[in-house]
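Here are some short exercises to work through with the model open in your viewer. Try each one yourself before reading its solution.

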Amino acid sequence: MAVDARPGLAFAGSGLDRAASLRGDAAALARMAVDPAARIVPFWRGRPLLAGAESPADPALGAGLAGLAPGAALLSHAAGGLIFLGLSTGVPVFAADISPWVPEGPEPDFGAFFDDSAQHHPDLPAGAAFADLRGAMMRLDPRAAELAATARALLNWHGTHGFCSACGAASTPALAGWQRVCPACGAQHFPRTDPCVIMCVTHGNSVLLGRSPGWPEGMYSCLAGFMEPGEPVESAVRREVFEETAVQVGPVRLLVSQPWPFPASLMIGCAAEAVSTEITCDPAEIEDALWISRERLAAVFAGADPVIRAPRSGAIAGWMLRQWLADRLH
């Protein structure tokens with residue numbers, strides 16, 4: 001399968017063979033789950049197992065991601081069964097949630113925007129540790145990133161959708177983790193992906209940036225928001241920009257999309273041309289917004305701006321801003 005590569009954009013896709021036809025084949029899944037060649041990617045409370053900086057890339061998992069063989073001792077903590085992610089170079093790859101494991105030392109600050117701690121276990125490969133995917137996404141090559149994003153989103157869905165939305169009874173995993181079934185009423189539930197528009201709003205030589213309450217100091221980004229039912233992408237862009245800043249938007253163009261497993265969004269990147277420039281922030285939506293020139297954005301990326309930090313690599317907002325700065329936002 002083709003790789004959907006976009007330099008500088010994390011989770012852009014690697015052409016993973018998701019092998020959906022095998023999800024309902026219980027016998028094949030059972031054989032693959034004990035195959036010595038299989039790889040199982042463990043997650044601890046949403047954190048993937050990352051390979052050490054000097055570790056060679058696992059041919060099946062790609063660079064940056066670490067996995068375990070079937071029967072590894074750490075998998076004794078697994079809850080909820082294995083999730084089949086697909087076939088990578090012909091090798092079956094699964095994900096496992098080992099959140100019941102209790103590591104030594106203080107726990108991460110899960111309420112923080114980003115926590116840079118790492119959790120180690122004596123049975124792990126040298127240098128391997130559980131860490132926040134936000135901080136590691138540019139360490140992963142496309143295959144490792146696609147596997148990590150898929151696994152994290154699915155595990156989060158299982159963790160938050162344990163009960164049937166039709167009757168309230170406890171549901172059970174099915175189709176190798178790609179479905180939940182209610183034994184009481186028979187309802188079938190499938191993983192959620194929430195579409196979210198994110199827009200590079202420009203007016204002449206300026207681009208519109210904003211920041212949400214609770215973001216780290218100096219962090220500004222493109223405006224973004226979730227789509228509403230029955231709403232086209234272009235309408236969502238215009239509505240979100242107006243709701244947050246009172247800026248009115250005219251032409252809208254779709255540019256690029258990015259899976260964003262925090263927890264399970266699809267970011268739909270758009271270029272939008274503003275037809276007004278006066279800003280009135282909605283404090284319930286946004287803490288601050290401002291227009292900055294192309295020259296100031298260049299200083300931001302150079303780390304020379306006294307107020308605004310450079311966007312982190314990998315996220316779609318930074319990718320769009322870099323493209324606009326280089327006059328490549330087409």
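**Exercise 1.** Locate Asp327 and describe its backbone and its exposure.

*Solution.* Step one: Asp327 sits in the segment after helix H6 (316–325), where helices (H or I, at least four residues) and strands (E, at least two) are DSSP runs numbered from the N terminus. Residues are numbered from 1 along each chain as its sequence is written. The model is predicted, so local features need pLDDT of at least 70, side-chain atom pairs count only at pLDDT 80 or more, and totals for chains, interfaces and linings use all residues.
Step two: phi of Asp327 is near 60 degrees, a positive value in a residue other than glycine.
Step three: Asp327 counts as exposed because its relative accessibility is 52%; the classes are buried under 20% relative accessible area, exposed over 50% and partly exposed in between (1.4 Å probe, protein chains only).

**Exercise 2.** Repeat the analysis for Thr89.

*Solution.* Begin with the place: Thr89 belongs to the loop between S3 and S4. Next, its phi is positive, about 50 degrees, although Thr89 is not a glycine. Finally, Thr89 counts as exposed, at 59% relative accessibility.

**Exercise 3.** Work out the strand order of the open six-stranded sheet, and find its edges.

*Solution.* Start with the order, S3-S4-S1-S2-S6-S5, with mixed pairing; two strands pair if DSSP finds at least two bridges between them. The edges are S3 (79–88) and S5 (118–119), each pairing on one side only. Then look inside: S1 (residues 39–44) and S4 (residues 91–97) pair in the parallel sense over five bridges, and Ile40 has Phe94 as its bridge partner in S4.

**Exercise 4.** Find the cis peptide bond that ends at Pro263.

*Solution.* First, go to the loop between strand S13 (249–260) and strand S14 (265–274), which holds Pro263. Then check omega: the bond from Phe262 to Pro263 has a value near 5 degrees.

Terms used:
Heavy atoms only, no water.
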